[in-house]
Amino acid sequence: MSPLTAFREVLGHEKIKASLLAALASNRVSHAYLFYGPAGVGKKTVGLAFARALLCSGSGGDTCEVCGDCVRSGRGVHPDLHFIRPDGATIKIKQLKDVCGDAVFTSFGEGRQVFLVEQAERMTRAAANSFLKTLEEPAPGVGFILITDEAAAIPPTVLSRCLCYRFGSLAQAEVVKAIEQATGSAEQAHTLAALSGGSPGRALAMVDWLPGRDRVLQLTLRLAAGRRTAAPALPEELAGREDAQVLVNHLLILFRDVMVLQQAGREELLVNTDRRHELAGLADAYGRREVLDILLTAEETARRLAGNANQRLALDALLLKIAGF
């Protein structure tokens, strides 16, 4: 689950947050919202912050964090904050009927009921039609927040009854801050942010990617140190085609960084900023033409692995190139 936080603690999306806070302050809240945009950019985090603010009984804006509603929602046990998630591959009509039945009842306190629908694009057609009836005749004090990566998959009839907010990718500095808060490592945060495409969620999902990157870097350093002296051996941990593709992807990013150092000499442009010293060593060990040849071979290897090429032969050609043969 995304962290149960407050608007003031959410990074990025300033215009969207300002619009939602203005609606709260003026008590002009729509009965249904749709938050859409790329995966991992914070739609659910903002949705949860908005839901908590809607339920807060003490502020009339952002969460006060001291009233009973804020304490309960912060602990994830508020009886008027309901979550609807896919049951298996889809959100089924029974789930929506159960929720829509609950939506006509009064809230636990004197405030609202808020229903947060995750992966709303997964509603079956029957479920969406059932949900549409609730949106057409909303009960007083009931609010819906739909979260989706794919707005085009939501039926137009549902979209037309929601106030829609499009979430874009975050600036790299914002992603760095989010990852640093989560991991406690500034260097790791810069590396993951550079690979995330503006998505903190994607960056956090890649934390487990770093050990594999380091193993491939150590393999590359060994090959560079023993160039033209011994034929390279495939790493024993390569169990299948997927592992081979991951290795090649790591090599592409590493040698891309080596080329950046050789061509521009600007460390701030590196993806693997936490391994700048090792990359500088590789930049000294290889000529510019050699690095270009390795990158071209790696790209060709990736294409071959995506097809039905012999994995061993494809990787041998790439590792031999890195080893200077």
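Which exposed residues does the face of helix α1 turned away from its buried side carry? Keep that question in mind as you open the viewer. What you have on screen is a predicted model, and this tour tells you what to select at each stop.

**Stop 1: helix α1**

Select residues 14-26, which make up helix α1. With 13 residues at 1.5 Å a residue, the helix should span 18 Å, and its end C-alpha atoms are indeed 18 Å apart, so expectation and model agree.

Now colour Ile16, Lys17, Leu20, Ala23 and Leu24, the buried residues of α1. They cover an arc of only 125 degrees around the axis, which puts them on the same side of the helix. Turn the helix to look at the face away from that buried side, and you have the answer to the opening question: the exposed residues there are Lys15 and Ala25.

What do the buried residues of α1 pack against? Show β1 (32-36), α2 (43-55) and β5 (163-166), and you will see their packing partners. Before you leave, click on Asn27, just after α1, where phi is positive at about 60 degrees.

**Stop 2: the aromatic rings**

Next, show the side chains of the aromatic residues. A pair of aromatic rings is described by the distance of the centres and the angle of the planes. The structure holds nine aromatic pairs.

Start by selecting Phe115 and Phe144. Their rings are stacked, with 5.2 Å from centre to centre and 25 degrees between the planes. Phe115 sits in strand β3 (residues 113-117) and Phe144 in strand β4 (residues 142-148), so this pair ties together parts that are 29 residues apart in sequence. Are these two residues buried or exposed? Both Phe115 and Phe144 are buried.

Keep Phe144 selected and add Phe131. Here the ring centres are 5.1 Å apart and the planes stand at 85 degrees, so this pair is edge-to-face. Phe131 belongs to helix α5 (residues 125-136) while Phe144 is in strand β4, so the pair links parts that are 13 residues apart in sequence. Phe131 is buried, as is Phe144.

For a wider view, select Phe7, Tyr33, Phe35, Phe50, Tyr165 and Phe167 together: they form one aromatic cluster.

**Stop 3: the cysteines**

How many disulfides does the structure hold? The number is zero. Select Cys56 and Cys70 to see an example: Cys56 is in no disulfide, and its nearest cysteine sulfur, that of Cys70, is 3.5 Å away. A disulfide needs the two sulfur atoms within 2.5 Å. Cys56 has 11% relative accessibility, so it counts as buried.

Then move to Cys64 and Cys67. Cys64 is in no disulfide either, and the nearest cysteine sulfur, that of Cys67, is 3.6 Å away. Cys64 is partly exposed, with a relative accessible area of 24%.

**Stop 4: the salt bridges**

Side chains of opposite charge can pair when their charged atoms come close. A search of the whole structure finds 16 salt bridges.

Select Glu118 and Lys44. Their closest N and O atoms are 3.2 Å apart, and they form a salt bridge. Glu118 lies in the loop between β3 and α5, and Lys44 in helix α2, so the pair ties together parts 74 residues apart in sequence. At 11% relative accessibility, Glu118 counts as buried.

Now centre the view on Arg213. One of its partners is Asp214, which it meets in a salt bridge of 2.7 Å, N to O. Arg213 counts as buried at 1% relative accessibility, whereas Asp214 is partly exposed at 22%.

Add Asp274, which forms a salt bridge with Arg213, the closest N and O atoms being 2.8 Å apart. Asp274 is in the loop between α11 (241-263) and α12, and Arg213 is in helix α10 (residues 209-225), so this pair ties together parts that are 61 residues apart in sequence. Asp274 and Arg213 are both buried. Finally, add Arg275: salt bridges that share partners join Arg213, Asp214, Asp274 and Arg275 into one network.

**Stop 5: a glycine in α12**

For the last stop, select Gly281, found in helix α12 (residues 276-285). Gly281 has 36% relative accessibility and counts as partly exposed. Use the distance tool on the C-alpha atoms of Gly281 and Val258: they are 8.9 Å apart in space, and the residues are 23 apart in sequence.

Notes. Residues numbered from 1 in each chain as written. Predicted model: local features only at pLDDT ≥ 70, side-chain atom pairs only at ≥ 80, totals over all residues. Heavy atoms only, no water. Phe/Tyr/Trp six-rings, centres within 6.5 Å; stacked < 30°, edge-to-face > 60°. Helix = DSSP H or I, 4+ residues; strand = E, 2+ residues; numbered from the N terminus. Buried < 20%, exposed > 50% of the residue type's maximum accessible area, 1.4 Å probe, protein only. Expected span 1.5 Å × (residues − 1). Arc of directions from axis to C-beta. Contact = heavy atoms within 4.5 Å. Salt bridge = Lys/Arg side-chain N within 4 Å of Asp/Glu carboxyl O.
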